[in-house]
Structure formats: C-alpha cells, structure tokens
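Colleague: Could you pick out a single part of this model and take me through it closely, then show me how the rest fits around it? I am in my first year, and a plain word for each term would help.

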Amino acid sequence: MSETVTSPLSRTFHAEEKRLLQECIHCGFCLPACPTYMENGKEMDSPRGRLHLMESLLEGRMNLDSAFEEHMKLCLVCRACETACPSGVQFGHLMEATRQSIAEVKQKGRLERFLLQTVLPSHRWLSFLFTITRVIQILRLDKLSTVPPLSLLVPKKLRQLQLSLPTVPPRRFGRSYDVHYRAIRKQRGTVTLFTGCVMDHLFPHVHTATVRLLTWHGYDVTIPSDQACCGALHAHAGEKSMTSFLADQNISILDNCNSDYIVINSAGCGSHLKSYLTYIDSGISSRVVDLSELLAVIEMKPKAIGPTDPVAYDEPCHLLHGQGISTQPKTILEKIPEINLVPLKGSDRCCGSAGSYSITETEMSLKLLDAKMDDIEASGAAIVVTANPGCQMQLNWGVKRRGINVEVLHLAELLDKCFRIDPSYPTDPLVLD
Ligand code: SF4
Ligand code: SF4
C-alpha cells in the first residue's frame with residue numbers, strides 16, 4: 001500500500017490499522033448485512049465502499065472532503081459487517097480510527113463538544129439537564145414545542161431528542177452507589193456493577209432490577225461511585241483523548257475491585273469496554289461480562305408472567321455483533337414458564353439508535369426504526385425485550401410514533417417482573433449490608 005505522508009488518515013492508521021484494512025478481499029458478503037447500504041443501495045454507504053474510501057484517502061487518491069465525511073458519518077458502527085465478513089475485518093476499529101482522523105482535522109460544533117467533553121462524563125451535568133427535562137415533561141412543554149410558533153424556535157434535532165426521550169424518573173440510580181448489597185441466597189460469588197452515564201439517570205429501574213436478580217441468585221453486589229461514562233459515544237465520535245481518559249479511569253477503578261465479575265447490563269457499554277480491553281494489557285478482561293452471560297449459566301426458576309402475551313427478543317447490535325452474544329438472552333427467556341416467544345424478522349438488524357445517531361442522522365435513523373416497527377407489528381409481539389438502554393429508548397419512541405400497544409422491556413426488567421410474583425423475592429429497599 002503506497003501512502004502519502006500528508007494523508008489525514010496517517011495520523012491514526014498505524015501498522016495494525018493498515019494490516020486490518022488489507023484484510024478486505026472485496027467479496028461483498030457484508031453488503032446485505034449493512035443497514036445503510038440496504039436502505040439506500042449506495043456502494044459508498046456499504047462496508048466495502050467505506051473501506052475503499054479509507055484506502056483511497058490513506059493513499060492520497062482523494063481528499064478528506066465533505067462527501068468522505070458524510071459516508072463515514074452515516075455508518076452506524078453497528079458492526080453487523082464484522083459478523084458477516086469471512087476475512088475477519090475489524091470494521092468498527094477502522095471506523096473509529098477514521099473518525100479520530102476526521103475529528104483532528106475538522107473541529108466539532110460547540111454543542112457537540114460540550115455534550116461529549118463536559119456533560120456525558122459528569123453526573124452533575126447529567127442530573128442538571130435531566131432535571132430540566134423532567135420539568136419540561138411535567139409541564140408538557142416538549143409537546144408544545146412541536147406546535148407553531150414554538151416549533152419554529154426550537155431546532156428540529158432538539159425537538160426530535162425531546163420527543164424520543166422516555167419519561168425522566170424522579171431519582172437517578174446514583175443514590176445507591178458505594179452500597180454493598182449482600183447475596184440473599186447461598187453465596188455464589190461477588191459482582192461489581194458497571195452503571196454507565198445516561199442509563200443511571202433514565203433507566204435506574206433496570207439497575208435496581210439487576211441488583212435484585214443478582215443478590216437473589218447469590219451474588220454480593222458492589223457499585224463503585226467513582227466509575228465514569230464508558231466512553232463509547234466518544235469513541236464513535238472520534239474523540240480519542242476523552243475515550244482513553246474515560247476508559248483508563250474506569251479500568252483503574254474496576255481493577256481495584258476484587259469481585260469475581262464486572263457485570264454490565266448495557267450492550268453498548270459492554271462492547272466498548274471489552275474492545276478497549278483487547279488493546280491494552282489489563283487483567284480484568286476475563287472478568288467483564290454482560291448480565292446475560294452470567295444469568296444464562298445459573299439455575300433459576302422465575303414464575304410465569306400470567307397471560308402469555310407474545311414476547312419477541314430484538315438483538316442489540318453491540319451484544320450480537322460487538323460481543324458475539326445471542327443465545328444467552330434467549331436461554332434466559334426460555335426459563336420463564338409458559339413464555340410465548342415469537343420470532344422477530346430482522347431482529348439482528350439495527351433499530352437506528354446507535355448512540356447519538358438518532359440525533360445526528362435522524363433521517364436514516366427513522367427509516368431504520370420504521371422498518372423495525374414493521375417487523376415488530378408483523379411478529380404480533382406484545383412485549384419486545386432488549387438488553388441495551390439506547391435500543392430501549394429508540395424502540396419506545398417507535399412504539400409511541402406508531403401508537404401501538406407494545407411494551408419494551410430490558411431483559412433484567414422482564415425477568416425481575418417474573419421473580420417479583422414470589423413473595424419472598426426482595427422489593428425496595430434492596431438488601432443492604
Ligand atoms: S458498521 Fe454497520 S452501518 Fe457501518 S458499514 Fe458496518 S454494517 Fe454498515
Ligand atoms: S465481507 Fe469483509 S472481506 Fe468481504 S467486502 Fe466486506 S469487509 Fe471486505
């Protein structure tokens with residue numbers, strides 16, 4: 001590969017990235033797996049096309065112009081192409097390296113920088129913004145902002161964000177930090193729970209359900225307060241220094257935990273931390289597991305949820321393609337007596353959430369969401385189960401837009417619901433040491 005020293009990609013494409021790029025044999029097996037290619041049919045919005053563009057830029061045959069940037073931005077980093085690729089091309093890693101180069105050459109807008117560098121890494125900022133959002137929701141100003149003349153004043157992307165957010169709960173999960181939850185039943189081991197940034201504020205009930213499930217099944221659970229945002233959104237946006245800063249902070253904290261497992265119930269955070277760990281020498285990689293990996297292998301006896309509403313499982317990209325986890329969540333669902341599990345066509349295809357993609361690439365995101373909702377409606381499911389907060393938010397937004405009667409639940413929530421039928425199962429407050 002002949003490379004010009006002036007290529008903007010040479011900043012982040014080192015020997016390893018160049019080797020990975022050359023692994024592509026241009027077979028095109030990845031094309032049908034790529035949601036953006038399947039949606040618009042453009043080769044340059046396919047994995048093969050994007051790799052070709054990266055190679056052309058690296059070899060100085062093209063410039064880092066707005067067209068190049070658009071093709072890269074439209075990628076969901078869903079990594080479905082990695083699962084389909086017979087050559088093992090690590091597309092996600094190459095896309096992140098490409099976006100780092102773009103970020104070094106073209107500075108991001110002020111708002112995006114503020115959100116990535118100041119808001120996401122800070123629970124104080126997140127608390128502040130979600131408190132304002134809660135007030136807006138209580139006063140129903142979010143609905144008002146869609147009606148003229150207010151709709152003319154509020155930027156379209158902000159309106160989209162407001163409408164797609166779930167109801168902000170009154171309290172974040174953070175109040176439970178630095179608490180030790182003792183195993184309720186015969187002790188199996190110890191767990192450190194990784195709680196992330198936005199999930200802590202918008203889905204505290206999923207963390208609570210996770211702690212109840214773990215303690216009930218014999219795990220002591222600790223939740224260190226100084227853990228930070230995982231940095232996945234920063235990596236997708238090419239923010240290298242913030243990505244490394246957050247990952248290093250988390251790794252040093254998690255490294256000091258003596259627990260048997262570091263459990264993550266967000267597919268996006270889990271995928272990011274696991275891939276980050278493959279590039280550094282850390283002893284904790286073998287202990288980082290998705291919640292479903294741990295629960296699938298233990299004996300459990302949930303109660304039936306009553307009327308057997310059809311349940312479909314939608315696979316989060318960062319669980320399926322990012323971590324290779326597919327059977328475990330289904331194994332867990334099958335443990336629920338009388339469950340009516342129905343197949344969901346396209347369950348391996350991205351719902352269009354992809355971190356901040358629904359805000360940055362709203363048009364494509366909504367097309368993918370509409371396709372997902374068509375498949376959900378066709379499946380007849382009354383409950384859709386996921387294992388990632390971003391997907392949960394996006395699917396809920398899809399349900400709201402369609403006005404259909406479908407409940408979207410995290411796997412931990414559904415399982416917890418089944419166990420709560422048992423009167424001896426703990427309710428709030430959780431068992432403290
Ligand atoms: S990561 Fe997803 S959107 Fe991007 S090229 Fe691969 S399959 Fe397509
Ligand atoms: S499947 Fe893999 S080797 Fe084939 S074109 Fe896609 S990325 Fe290249």
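Modeller: Let's start with an open sheet of four strands, ordered E7-E6-E8-E9 with parallel pairing. Strands (E, at least two residues) and helices (H or I, at least four) are DSSP runs numbered from the N terminus, and two strands pair if DSSP finds at least two bridges between them. This is a predicted model, where local features need pLDDT of at least 70 and side-chain atom pairs count only at pLDDT 80 or more, while totals for chains, interfaces and linings use all residues. Residues are numbered from 1 along each chain as its sequence is written, with chains lettered from A and ligands numbered from 1 in the order in which they are written.

Look at the two ends of the sheet. Strand E7 (340-341) and strand E9 (407-410) are the edges; each has a single partner strand, so one side of each has no neighbour in the sheet. Strand E6 (residues 310-313) pairs with E7 in the parallel sense through two bridges, and Val311 stands opposite Leu341 in E7. As a rule, strands of a sheet are held in pairs by backbone hydrogen bonds, parallel or antiparallel.

Now add a helix. H23 lies across strand E8 (383-386) and E9, and runs at about 95° to E9. Such an angle is taken between N-to-C directions, from 0 to 180 degrees, using axes that are lines fitted to C-alpha atoms, for helices over the stretch in contact. If you follow the chain past helix H23 (411-419), the segment after it holds Thr427. Thr427 counts as exposed because it has 8 C-beta neighbours inside 10 Å; the cut-offs are 12 or fewer other C-beta atoms within 10 Å for exposed, 20 or more for buried, and in between for partly exposed, with C-beta atoms placed from the backbone. Thr427 and Phe29 are 398 residues apart along the chain, and 49 Å separate their C-alpha atoms.

Which domains does the chain have? The assignment gives domain 1 (8-105), domain 2 (110-164), domain 3 (173-296) and domain 4 (310-419); bounds like these come from an automatic or database domain assignment. The centres of domain 1 and domain 4, taken over C-alpha atoms, are 27 Å apart. Each of these two domains gives 12 residues to the contact, where contact means C-beta atoms, placed from the backbone, within 7 Å. On the domain 1 side that touches domain 4, helix H2 (35-40) and H5 each supply at least two residues. That side has six nonpolar, two polar and four charged residues.

H5 leads us on to the ligands. H2, H3 and H5 each give at least two residues to the shell around ligand 1. In all, 14 residues surround ligand 1, and the closest are Cys34, Pro47, Cys75, Cys78 and Cys81; being near means a C-beta atom, placed from the backbone, within 6 Å. Ligand 2 is surrounded by 15 residues, with Cys24, Cys27, Cys30, Arg48 and Cys85 the closest. Helix H3 (47-58) and helix H5 (80-84) each supply at least two residues of the ligand 2 shell, and H3 gives the largest share, three residues.

To finish, here is another sheet for you to set beside the four-stranded one. This open sheet has five strands in the order E1-E3-E2-E4-E5, and its pairing is mixed. Strand E1 (180-181) and strand E5 (288-290) are its edges, each pairing on one side only. E1 and strand E3 (residues 219-222) run antiparallel and are joined by two bridges: in E3, Thr222 is the bridge partner of His180 and Val221 that of Tyr181. E2 and E3, by contrast, pair in the parallel sense over four bridges, and Gly189 stands opposite Tyr219 in E3. Side chains alternate along E3: Tyr219 and Val221 point to one face and are buried, whereas Asp220 and Thr222 point to the other and are not. This sheet has a helix packed on it as well: helix H16 (residues 267-278) touches strand E2 (189-194), strand E4 (261-264) and E5, and its direction makes about 150° with that of E5.

Key: Nonpolar A, V, L, I, M, F, W, Y, C, P; charged D, E, K, R; others polar.
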